[in-house]
Amino acid sequence: MLDALTVALGAAALALAAWCGFAALRDQPTKDWHFIGMGVVALLALAQLVVGVVELARGGEPDEGAVIFVAYLVGAFAAVPAAGLLSLSERTKWGSVTVAAGALVLAVLEVRLYDIWGTPGA
């Protein structure tokens with residue numbers, strides 16, 4: 001799979017988590033700028049989903065199986081949008097905490113996706 005995209009998405013997720021975590025520390029709900037950040041992260045996750053499916057279609061084989069790989073790709077794509085929707089229902093600092101937690105989950109999923117795909121040449 002495309003390692004640069006995985007690293008970029010993981011870094012963007014951690015940046016979003018820090019940004020929303022900082023907002024929560026200041027007792028602020030998610031704001032429009034946070035949703036723009038969530039959109040950027042979601043677009044990166046969509047690109048990763050497409051790249052992952054294309055790699056599978058081209059005959060790539062994850063070390064731990066295609067089904068679990070696709071399940072993790074879909075979960076990674078859904079993590080931040082789901083947290084964003086939940087934050088809309090909680091317009092306090094806990095909405096920001098929810099997005100920060102969702103972004104941290106995405107970062108962990110990125111590490112796991114890298115493990116599932118396996119290392120090149122191994």
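Here are a few worked exercises on the structure above.

This is a predicted model, where local features need pLDDT of at least 70, side-chain atom pairs count only at pLDDT 80 or more, and totals for chains, interfaces and linings use all residues. Residues are numbered from 1 along each chain as its sequence is written, and side-chain values use heavy atoms, with hydrogens and water left out.

**Exercise 1. Find which elements build the largest nonpolar core.**

Step 1: get the term straight. A nonpolar core is a set of buried Ala, Val, Leu, Ile, Met, Phe, Trp, Tyr and Cys residues joined through side-chain atoms within 4.5 Å. Buried means under 20% relative accessible area, exposed over 50%, and partly exposed in between (1.4 Å probe, protein chains only).

Step 2: look at the members. The largest core has 25 residues, and L16, V41, F69, V80 and L106 touch the most other members.

Step 3: assign them. Two or more residues each come from helix 1 (3–25), helix 2 (32–57), helix 3 (66–89) and helix 4 (93–117). Helices here are DSSP runs (H or I, at least four residues), numbered from the N terminus. Helix 4 chips in the most, with nine residues.

Step 4: zoom in on L106. Leaving out residues up to four places away in sequence, L106 touches L9, A13, V41, A76, A79 and V80; contact means heavy atoms within 4.5 Å.

**Exercise 2. Work out the two faces of helix 2, buried and exposed to solvent probe.**

Step 1: check the length. Helix 2 has 26 residues and reaches 37 Å from first C-alpha to last, close to the 38 Å expected at 1.5 Å a residue (the expected span is 1.5 Å times one less than the number of residues).

Step 2: list what is hidden. H34, G37, M38, V41, A42, A45, Q48, L49, G52 and L56 are buried, and their cover includes helix 1, helix 3 and helix 4.

Step 3: recall the geometry. An α-helix has 3.6 residues a turn, so residues three or four places apart point the same way.

Step 4: turn to V40. V40 sits in helix 2 and is partly exposed, at 47% relative accessible area.

Step 5: finish at the end of the helix. Just after helix 2, G59 takes a positive phi of about 105°.

**Exercise 3. Decide whether S96 is buried or exposed, and list its contacts.**

Step 1: place S96, which is in helix 4.

Step 2: read its accessibility. S96 is buried, with a relative accessible area of 0%.

Step 3: name the neighbours. Not counting residues up to four places away in sequence, S96 touches C20, A23, A24, Q28, P29 and T30.
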